[in-house]
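Me: Hey, can you walk me through this structure? I'm new to this, so plain words please.

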Amino acid sequence: MIGSMSTAKERILIVENDPEVSDLIARQSLRPLGYRVKIVPGASKAIREAARFSPDVVVVNIKLPGLSGKDLLVALSSQGLDMPVIVMAEEGMEDDVIQAFRLGAADYLRWPIREAEVVSAVEHALKQVRARRERELLAKKLKRTNQELKHRIRDLTTIINIGKAVTSTTDQRLLFNRIVDGAVYATDADKGWLYLRKGNGKSLVLSACKNLPKSIVSKLNQSWSDGISSLVAVSGETLAIHGKPLERFKVAQLGKAALVVPVKARKEIVGVLVVVREKPKPFNAGNQSMLEAVADYAAVSLVNARLFKAIDRRARSLQEIATASRESKNLKTDILRHVTHRLKAPLGVIDQRVRKIVDQDAGNLINEYKNALDDIQANLRRVNRVVTALSQLDEVNSSPEFVTVNLVDLARGATARFRDDAKEQAVNLVESLPSAPIFVMVDVERMAKVFDALLSNAIRFSGSGGEVTVRCSQNEDNEARVSIHDTGPGIDEEQRELVFRPFYQGGTDDSEKMGIGLTLAKEIIKAHGGKIWVDGHAASGSVFRFNLPLAETGETKSTDE
């Protein structure tokens with residue numbers, strides 16, 4: 001056992017004023033076994049040396065001049081120096097030894113002593129020291145392991161929560177904020193932000209951030225450079241940088257350590273995720289793994305968003321096709337019913353008159369011919385109007401010829417065409433048009449038919465002394481809008497959808513009017529991607545309105561022909 005201690009290198013502090021005793025303990029007993037031994041002659045010096053030398057075991061003579069060994073025990077305890085103390089005492093000092101044990105002594109040696117006793121006592125004390133150190137080391141390892149486990153659990157929880165957010169959150173702004181929050185939390189960072197590329201552009205747009213200054217937060221959804229992310233977006237490789245090398249970049253104004261990870265979707269770099277620490281504490285490999293995992297979730301969310309948009313567009317397209325098919329079928333049914341009704345009467349009159357001619361006496365045949373031909377001609381005109389209306393409806397199904405024009409010019413040209421008609425019917429036709437152009441992409445000939453239908457309808461129902469006002473504007477949804485306001489009798493709410501049905505005449509039976517104009521207007525506006533409707537109440541006039549998408553670019557075609 002003694003031989004095994006030759007490489008121990010533990011520190012032993014001997015407090016003894018008798019050189020012979022200290023020589024026996026140090027030189028003859030302990031140093032040959034490899035222990036590092038320090039000798040001090042008194043307790044006061046031993047207190048200072050214990051703090052500096054950090055001994056594993058103290059061997060002290062209980063009976064020292066000045067401060068005794070018991071005083072040394074008290075002093076070491078008061079200073080928090082926890083090490084086993086072996087006291088040496090002569091025979092007859094049992095009471096002092098008992099007091100020393102009460103003060104914390106670990107063992108004692110009775111003088112005179114032998115080398116083997118010294119070694120045995122020191123080894124026994126060191127076993128306690130080693131056991132305590134092993135316990136402390138295990139406790140530290142356990143604490144460190146628990147901390148790492150807690151950290152891993154926290155990281156996994158963060159990743160799981162981000163994963164849940166990716167699969168359950170449809171609001172991209174909220175989702176991106178959660179991703180940045182998770183990135184900052186998972187990497188123990190102080191700040192973070194997410195860049196995304198918009199469309200096919202190369203510039204990075206700040207899409208979400210956490211703990212950035214207000215001056216930068218104001219640049220959300222705009223291009224903003226931190227001086228380093230663009231490099232990562234080009235290289236496609238994660239970059240961890242801190243301290244002096246970081247000072248070359250603009251991001252150094254926000255922190256002393258940065259971790260920058262590219263966001264990749266199907267090998268395409270679609271963004272960059274950045275976290276920053278205010279202190280120059282570098283990000284480690286674990287931080288990098290966590291941030292790359294968060295970046296993967298960001299990429300998944302972007303892919304999901306694209307799929308959702310594609311599915312939504314497809315669903316809307318299918319719905320529009322189904323709606324158009326259903327409306328087309330309903331329109332054809334309405335037209336067929338109204339055409340049947342319209343043609344039945346004139347054809348019946350023609351048939352009746354022809355039969356009467358055939359059955360007539362020769363004497364009255366000439367006069368009957370003349371009257372019958374007049375009726376036949378009048379009813380053939382009615383049939384012709386129905387056929388013309390049908391051909392106009394059929395024209396709507398042909399492909400339009402779109403050009404970019406100034407809608408204000410179209411409106412001005414329409415009022416010019418109806419100026420004489422309005423004057424003849426004593427209706428005041430008013431233009432309230434802006435000076436600035438409003439460009440739309442339309443089929444000019446068909447759009448003229450829309451204006452003609454709405455103006456003729458407004459002038460007709462305004463009556464003598466009435467007023468019709470034509471307005472053009474750009475609405476809050478960035479669309480072009482036309483409004484035609486008349487001072488006629490108005491339209492009840494339940495009749496507002498009926499006015500756009502084929503051959504509808506609002507309760508009147510005017511054989512000269514087919515009631516097809518508003519139907520044509522609705523179909524033309526719908527074919528241009530717009531919407532048409534009517535507002536107003538009975539006795540307060542009507543306002544027919546329609547919206548059209550604005551044209552992005554293009555040359556204006558003159559409409560003054």
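Reply: Sure, here is a chat about cysteines, a helix pair and a serine.
Reply: This is a predicted model, where local features need pLDDT of at least 70, side-chain atom pairs count only at pLDDT 80 or more, and totals for chains, interfaces and linings use all residues. Residues are numbered from 1 along each chain as its sequence is written, and side-chain values use heavy atoms, with hydrogens and water left out.

Me: Ok, how many disulfides does a search of the whole structure find?
Reply: Zero. A disulfide here is a pair of cysteine sulfur atoms within 2.5 Å.

Me: And C472, buried or exposed?
Reply: Buried, with a relative accessible area of 7%. Buried means under 20% relative accessible area, exposed over 50% and partly exposed in between, using a 1.4 Å probe and protein chains only. C209 counts as buried too, at 17%.

Me: New topic: at what angle do α11 and α13 pack?
Reply: About 50 degrees, with the axes of α11 (residues 407-417) and α13 (residues 444-462) 10 Å apart. That makes them oblique, the label for angles that are not under 35 degrees (roughly parallel), over 145 (roughly antiparallel) or 65 to 115 (roughly perpendicular).

Me: Which residues of α11 make the contact?
Reply: L407, L410, A411, A414, T415 and R417, meeting V444, M447, A448, F451, D452 and L455 of α13. Contact means heavy atoms within 4.5 Å.

Me: Last one: where is S542?
Reply: S542 sits in strand β17 (residues 542-549), and is buried at 3% relative accessible area. Leaving aside neighbours within four places in sequence, its contacts include H485, D486 and V534.

Technical notes
Axes are lines fitted to C-alpha atoms, for helices over the stretch in contact, and angles run from 0 to 180 degrees between N-to-C directions. Helices (H or I, at least four residues) and strands (E, at least two) are DSSP runs, numbered from the N terminus.
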